[in-house]
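Let's walk through this fold with a few questions and answers. Have a look at the model first.

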Amino acid sequence: MTDNFVIRPMADSQADIDAYVTMANELNLLHDKPGDLYCADKVRDWVFGPRPAFSCLLACCGDRPVGYATFSDFFNSDAAGRGLWLGDLYVRPAHQGGGLGRQLLAAVAAEAVAREAVSLWWGVLAENTGARAFYAALEAIDEDARILELEGTPLARLAREFRAD
């Protein structure tokens, strides 16, 4: 159960940042992505630098982080208001099934309400049926929408097409 867990913001400490880096790389490996994309220096800049890219909540058992949620602001043009985008929700496998993921998501929802967001959005892989069932139980709307991405060479190629004159 979640009684022995605390959910708190990630601190600008080497221990918290290292724990997040380890878990984020674990999640990447679960999705057949490289397991070394995250490193402490980048994370410190992304979360605590002059232009923060995201916020992070850690779920801790005692002083040991065992899960996290990352989120950032966005503008929801469909609802003409602020929104919060859930980047990742991850609980280590040994701690899954006890309500910790739900508590992390509830903490992000509370942050969305505190920021006066009109919505909380996230993406999920179509084949991740377990996560989709979890989200359906929360009454999340599973729209028939696709999240598209440009990265690397295609992103750079499109950016070069821009003419600022």
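Q: In what order do the five strands of the open sheet line up?
A: Keep in mind that this is a predicted model. The sheet is open and its pairing is mixed. Neighbouring strands in it are turned by 30° against each other on average, ignoring direction. Reading across, the order is β1-β2-β3-β4-β5.

Q: Which strands stand at the edges of the sheet?
A: An edge strand has a single partner strand, so one side of it is left without a neighbour in the sheet. That description fits two strands here, residues 5–9 and 119–122. They are β1 and β5.

Q: Which residue is the bridge partner of Trp85 in β5?
A: Strand β4 covers residues 81–91 and runs parallel to β5. Four bridges join this pair of strands. In the bridge that involves Trp85, the partner in β5 is Trp121.

Q: At about what angle does helix α3 run to β4?
A: Two helices are worth looking at against the sheet. Helix α1, residues 14–30, lies across β1, β2, β3 and β4, at about 80° to β3. Helix α3, residues 100–114, lies across β1, β2, β3, β4 and β5. Its angle to β4 is about 160°.

Q: Is Asp16 buried or exposed?
A: Asp16 belongs to helix α1, and it touches Arg8, Pro9, Met10, Ala11 and Leu58, leaving aside residues up to four places away in sequence. Its side chain also reaches the backbone nitrogen of Ala11 at 2.8 Å. The cut-off for burial is under 20% relative accessible area. With 6% relative accessibility, Asp16 counts as buried.

Q: Against which helix do the buried residues of α2 pack?
A: Helix α2 spans residues 40–48, and its buried residues are Ala40, Val43 and Val47. They cover an arc of only 60° around the axis, so they sit on the same side of α2. As a rule, an α-helix has 3.6 residues a turn, so residues three or four places apart point the same way. The buried residues of α2 pack against α1.

Q: What is the relative accessible area of Ser72?
A: Ser72 is in strand β3. Setting aside residues up to four places away in sequence, Ser72 touches Ala53, Phe54, Gly83, Leu84 and Trp85. Buried would need a value under 20%. Ser72 is partly exposed, and its relative accessible area is 21%.

Q: How many Å separate the C-alpha atoms of Ser72 and Gly99?
A: Along the chain, Ser72 and Gly99 are 27 residues apart. In space, their C-alpha atoms are separated by 23 Å.

Notes
Residues numbered from 1 in each chain as written. Predicted model: local features only at pLDDT ≥ 70, side-chain atom pairs only at ≥ 80, totals over all residues. Heavy atoms only, no water. Pairing = 2+ DSSP bridges. Axes fitted to C-alpha atoms, helices over the stretch in contact; angles between N-to-C directions. Contact = heavy atoms within 4.5 Å. Buried < 20%, exposed > 50% of the residue type's maximum accessible area, 1.4 Å probe, protein only. Polar contact = N/O pair within 3.5 Å; in protein donor to acceptor, adjacent residues only side chain to side chain. Arc of directions from axis to C-beta.
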